[in-house]
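The following exercises are to be worked with the sequence and the 3D structure at hand. Each task is followed by a solution in steps.

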Amino acid sequence: MATAGRTTKLDDNFTVSSIGFGAGALAAYGDVEDAESLATLNRCLDLGVTFIDTANVYGGGSNERLIARLLAGRRDEVTLATKFGIDSNPADRAAGGRPVRGDAAYVRQCIEESLARLQTDVVDLYYMHRRDLTVPIEETVGAMAELVRAGKVRHLGLCEVTADELRAAVAVHPIAAVQSEWSIWSRDVERQVVPAAAELGVGFVPYSPLGRGFLTGTIRSAADLPSPGDARHTMPRFADDALEANLAVADAVRSVAEEQLATPAQVALAWLRYRAEALGVASVPIPGTRRASRVEENLGSLSVTLTPAQLTALDAAGAAVAGNRTEDLTSVSAGRE
């Protein structure tokens with residue numbers, strides 16, 4: 001669990017950079033120029049942020065193809081994570097097809113497609129993106145384990161699983177990491193999933209560790225949400241009856257940032273580091289950004305030392321968050337615990 005320099009052991013056999021990069025941000029909200037995206041990705045590697053996270057569904061596969069251009073000249077520097085499981089075919093979903101798949105045939109199909117898009121012969125960490133409740137998790141993980149034996153995948157990960165699902169998966173094959181939303185605004189995983197990961201020696205990879213835009217200062221009411229197509233319009237935490245309480249958390253983070261002479265993002269990431277240490281789990285967040293300057297800012301969080309009083313204030317602020325983190329809780333661990 002120890003962090004040495006700027007690397008962290010997620011499990012006994014898997015060491016990654018202590019801050020990762022969520023490449024989905026390059027495809028999440030509208031078009032981004034590939035040249036700008038590649039500049040950001042290359043800056044990540046230059047700074048030692050080498051744990052790069054993507055998924056087959058991001059940009060309908062375009063995010064993996066973008067990552068392939070980074071890998072073309074710097075594959076040996078990258079710890080590559082990608083995912084399968086969310087069916088990315090809108091036509092199939094509209095016709096009543098399963099939005100999530102975890103059957104063995106689909107696992108085998110998806111890795112071949114991802115390897116082709118990424119133009120590499122192995123993925124360092126392969127995640128089940130979401131749980132297919134129609135398929136036993138043992139079948140899904142068993143198929144993923146076959147990929148390890150075939151040399152196409154080095155380590156296995158699971159996204160948004162419950163503690164019981166994690167235990168069932170570990171009984172089939174070692175799991176290197178669980179990826180779930182975790183931030184000062186999203187702490188439901190602290191109840192069961194994080195303690196189970198700590199118990200089993202499984203690392204944790206928090207996505208959206210900066211709270212999905214609460215720290216930008218651009219969202220002060222529901223009217224400030226970017227567009228009707230933005231996912232935050234349906235998130236209970238951005239509803240009128242919850243927004244004021246959740247913006248107060250951002251104010252608490254900013255207050256500590258002023259005391260620390262740090263940025264709010266750095267304080268939010270530092271709080272998460274301290275929280276993971278308190279719960280005994282190795283944790284590597286994967287904040288995403290479009291701008292290379294933000295990568296350096298996020299990395300600076302590793303140098304922020306919070307005082308006991310500041311931690312107490314931030315914990316109290318986080319405990320006052322209002323609303324669930326997503327409209328459909330069955331898609332995340334909190335809805336199935």
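**Exercise 1.** Determine which elements cover the buried residues of helix 7, and how those residues are arranged about the helix axis.

*Solution.* The model is a predicted one.
Step 1. The cover of the buried residues of helix 7 includes helix 6 (137-149), strand 8 (153-159), strand 9 (177-181) and helix 8 (193-200).
Step 2. Within helix 7, which spans residues 163-170, the buried positions are Ala-163, Glu-165, Leu-166 and Ala-169.
Step 3. Viewed down the axis of helix 7, these buried residues fall within an arc of 160 degrees, so they line one face of the helix.

**Exercise 2.** Identify the residues that line the largest cavity and classify them by character.

*Solution.*
Step 1. Searching the whole structure for cavities of 30 Å³ or more yields one. The largest cavity holds about 60 Å³ of space.
Step 2. Its lining consists of Glu-181, Trp-185, Ser-186, Gly-211, Arg-212, Phe-214, Met-235, Arg-237, Phe-238 and Arg-325.
Step 3. By character, this lining comprises four nonpolar, two polar and four charged residues.

**Exercise 3.** Decide whether Ser-186 is buried or exposed, and describe its contacts.

*Solution.*
Step 1. Ser-186 is found in the loop between strand 9 and helix 8.
Step 2. Its relative accessibility is 1%; the threshold for burial is under 20%, so Ser-186 counts as buried.
Step 3. Apart from neighbours within four places in sequence, Ser-186 contacts Glu-181, Arg-237 and Arg-325. With Arg-237 there is a side-chain to side-chain polar contact of 2.7 Å.
Step 4. Ser-186, Glu-181, Arg-237 and Arg-325 also appear among the residues lining the largest cavity.

**Exercise 4.** Apply the same treatment to Arg-75: is the residue buried or exposed, and which residues does Arg-75 touch?

*Solution.*
Step 1. Arg-75 belongs to the loop between helix 3 (62-74) and strand 6 (79-84).
Step 2. With a relative accessible area of 17%, Arg-75 is buried.
Step 3. Setting aside residues up to four places away in sequence, Arg-75 touches Leu-80, Thr-120, Val-122, Asp-124 and Arg-154.
Step 4. The side chains of Arg-75 and Asp-124 make a polar contact of 3.1 Å.

**Exercise 5.** Characterise the second largest pocket by its volume and lining.

*Solution.*
Step 1. The second largest pocket contains about 250 Å³ of space.
Step 2. It is lined by 18 residues, of which Leu-10, Asp-11, Asp-12, Gly-201 and Val-202 are the closest to its centre.
Step 3. Strand 2 (7-11) and helix 8 are the elements that give two or more residues to this lining.
Step 4. The lining divides into eleven nonpolar, four polar and three charged residues.

Conventions
Residues numbered from 1 in each chain as written. Predicted model: local features only at pLDDT ≥ 70, side-chain atom pairs only at ≥ 80, totals over all residues. Heavy atoms only, no water. Buried < 20%, exposed > 50% of the residue type's maximum accessible area, 1.4 Å probe, protein only. Helix = DSSP H or I, 4+ residues; strand = E, 2+ residues; numbered from the N terminus. Arc of directions from axis to C-beta. Contact = heavy atoms within 4.5 Å. 1 Å grid on protein atoms, 1.4 Å probe; cavity = no way out; pocket = protein on both sides within 12 Å on 5 of 7 lines; lining within 4 Å. Points joined across faces, edges and corners; volume = space filled by probe spheres on them. Nonpolar A, V, L, I, M, F, W, Y, C, P; charged D, E, K, R; others polar. Polar contact = N/O pair within 3.5 Å; in protein donor to acceptor, adjacent residues only side chain to side chain.
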